[in-house]
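Open the structure in your viewer and keep the selection panel at hand. The stops below say what to select next and what is there.

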Amino acid sequence: MTFPESLMHLVRTDEPLGPLVWLGIGGPARYFAEPIDEADLRGLVGSAHEQGLPVRILGGGSNLLVREAGVDGLVISLSGLVSQPTLEGTEMTVGSGVKLSHAVIKSVGAGLGGLEHLVGIPGTVGGAVVGNASGGGRDIGSAVASVTVLETDGSVRTLTQQEAGFSHRKTSLTGLLVLKVTFQLETRDVAALTKRMQKLWISRNSSRPSEEPRIAMPFVDPDGMPAKELLQTVGLAGLREGDVSLDTNQPQYLLAHSGATSDQCLRLIKRVREQVLLQTGIDLQLNLQIW
Ligand SMILES: Cc1cc2nc3c(=O)[nH]c(=O)nc-3n(C[C@H](O)[C@H](O)[C@H](O)COP(=O)(O)OP(=O)(O)OC[C@H]3O[C@@H](n4cnc5c(N)ncnc54)[C@H](O)[C@@H]3O)c2cc1C
């Protein structure tokens with residue numbers, strides 16, 4: 001595999017991915033790059049595409065489980081591609097590598113409502129939009145006006161909200177590289193918005209396990225019931241597999257304790273899904289992306 005000379009300085013080999021994801025575990029990327037401008041990003045994607053090398057995009061790593069074998073392809077981190085969100089009337093356009101919390105705070109500070117309910121969700125704007133992240137009873141897709149994506153052939157396309165296909169924790173964007181997102185927001189009172197955002201932040205933070213920083217939220221809430229309640233009802237809170245467990249009080253969270261491995265995470269997830277299916281008939285879907 002060869003990248004053009006002008007891009008070689010951006011590419012590292014056998015880069016450990018564990019330190020870059022919230023769970024803190026998993027193998028290396030065969031090739032890894034962190035471009036700082038869109039031209040380099042396009043060059044990397046185009047070059048990988050020409051040579052048949054699979055490309056994966058890393059946002060904040062808060063929804064990823066990397067297998068021990070790692071990724072046999074090119075992982076592109078968007079953390080170097082950060083720019084200030086821009087405002088035009090009630091529209092805000094944000095680069096996909098920007099932290100979601102930054103976009104939320106920016107919109108609230110400008111007196112624009114529509115994103116404040118997402119406060120405290122970790123990760124980037126791109127990761128949130130691709131997975132249609134939700135919080136406070138509303139998903140991010142409901143505030144999206146358009147999404148600009150980079151195709152594997154290097155062309156750039158802007159999709160409408162409808163074309164992006166937002167549904168419960170899903171979109172039609174899988175496999176596309178999100179470059180930027182334009183949100184359609186609503187004018188609101190800054191003080192009232194700030195108060196609402198702070199309240200939501202406190203409640204979300206207080207319900208997060210504090211004992212273990214290496215954490216994930218692996219399951220999608222099934223229709224009509226939060227995963228937390230379902231897992232408590234089925235008696236799976238605290239379930240352990242090696243050094244990985246579901247939290248005892250907040251079982252929607254998976255914790256990777258010292259010594260945890262990706263295989264243990266996968267085994268725990270499998271056991272949980274089997275038990276839930278057996279006891280309730282519900283096929284619990286995964287939110288966590290497995291690499
Ligand atoms: C403590 C904790 C609390 C959480 N709470 C919530 C919650 O309340 N609600 C909720 O919905 N989720 C929640 N999550 C899950 C997670 O934070 C979200 O899914 C988040 O939006 C993922 O963003 P990320 O940037 O970290 O994505 P990553 O984990 O980096 O990537 C996830 C997927 O998105 C893809 N991706 C990322 N950026 C791009 C891009 N620019 N273009 C194309 N593909 C891209 C990746 O390739 C990967 O497939 C929580 C997770 C944790 C650890």
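A polar contact here is a pair of N or O atoms within 3.5 Å. Keep that cut-off in mind for the first stop, and note that the model is predicted.

**Stop 1: polar contacts of the ligand**

Select the ligand and S96. An N or O atom in the side chain of S96 is 3.4 Å from a nitrogen atom of the ligand. Now add S62, which places a polar side-chain atom 2.7 Å from an oxygen atom of the ligand. With P122 the backbone is involved: one of its backbone N or O atoms lies 3.1 Å from an oxygen atom of the ligand. The ligand taken alone exposes 980 Å², and the protein buries 94% of that.

**Stop 2: the shell around the ligand**

Widen the selection to the residues surrounding the ligand, of which there are 31. The closest are I57, G59, S62, T124 and S134. Colour the shell by class and you should find 17 nonpolar, 12 polar and two charged residues.

Which elements each supply at least two residues of this shell? They are β3 (55-58), α3 (125-130) and β13 (177-184). Of the shell, the largest share comes from α3, with four residues.

**Stop 3: helix α2**

Select residues 100-109, which form helix α2. Its buried residues are L100, A103, V104, S107 and V108. Look down the axis: these residues cover an arc of only 130 degrees around it, so they sit on the same side of α2. Rotate to the face turned away from that buried side, where the exposed residues I105 and G109 are found.

Next, show what covers the buried residues of α2. The cover includes β7 (91-95), β8 (112-113), α3 and α5 (190-206). Among these, α3 was met at the previous stop as a supplier of residues to the ligand shell.

Then select G111, which follows α2. The phi of G111 is positive, near 70 degrees.

**Stop 4: N287**

Finish in the loop between α7 (262-280) and β19 (289-290), and select N287 there. Is N287 buried or exposed? The cut-off for buried is under 20% relative accessible area. N287 has 12% relative accessibility and therefore counts as buried.

To see what N287 touches, leave aside its neighbours within four places in sequence. The residues in contact with N287 are then N63, R169, M217, P218, F219 and V220.

Terms used: Residues are numbered from 1 along each chain as its sequence is written. This is a predicted model: local features need pLDDT of at least 70, side-chain atom pairs count only at pLDDT 80 or more; totals for chains, interfaces and linings use all residues. Side-chain values use heavy atoms; hydrogens and water are left out. A residue is near a molecule or strand if one of its heavy atoms lies within 4 Å of it. A polar contact is a pair of N or O atoms within 3.5 Å; within protein, one must be able to donate a hydrogen and the other to accept it, and residues adjacent in sequence count only if both atoms are side-chain atoms. Accessible areas come from the Shrake-Rupley method with a 1.4 Å probe; for residues, only the protein chains shown count as cover. Ala, Val, Leu, Ile, Met, Phe, Trp, Tyr, Cys and Pro count as nonpolar, Asp, Glu, Lys and Arg as charged, and the others, Gly among them, as polar. Buried means under 20% relative accessible area, exposed over 50%, partly exposed in between (1.4 Å probe, protein chains only). The arc is that of the directions from the helix axis to the C-beta atoms. Contact means heavy atoms within 4.5 Å.
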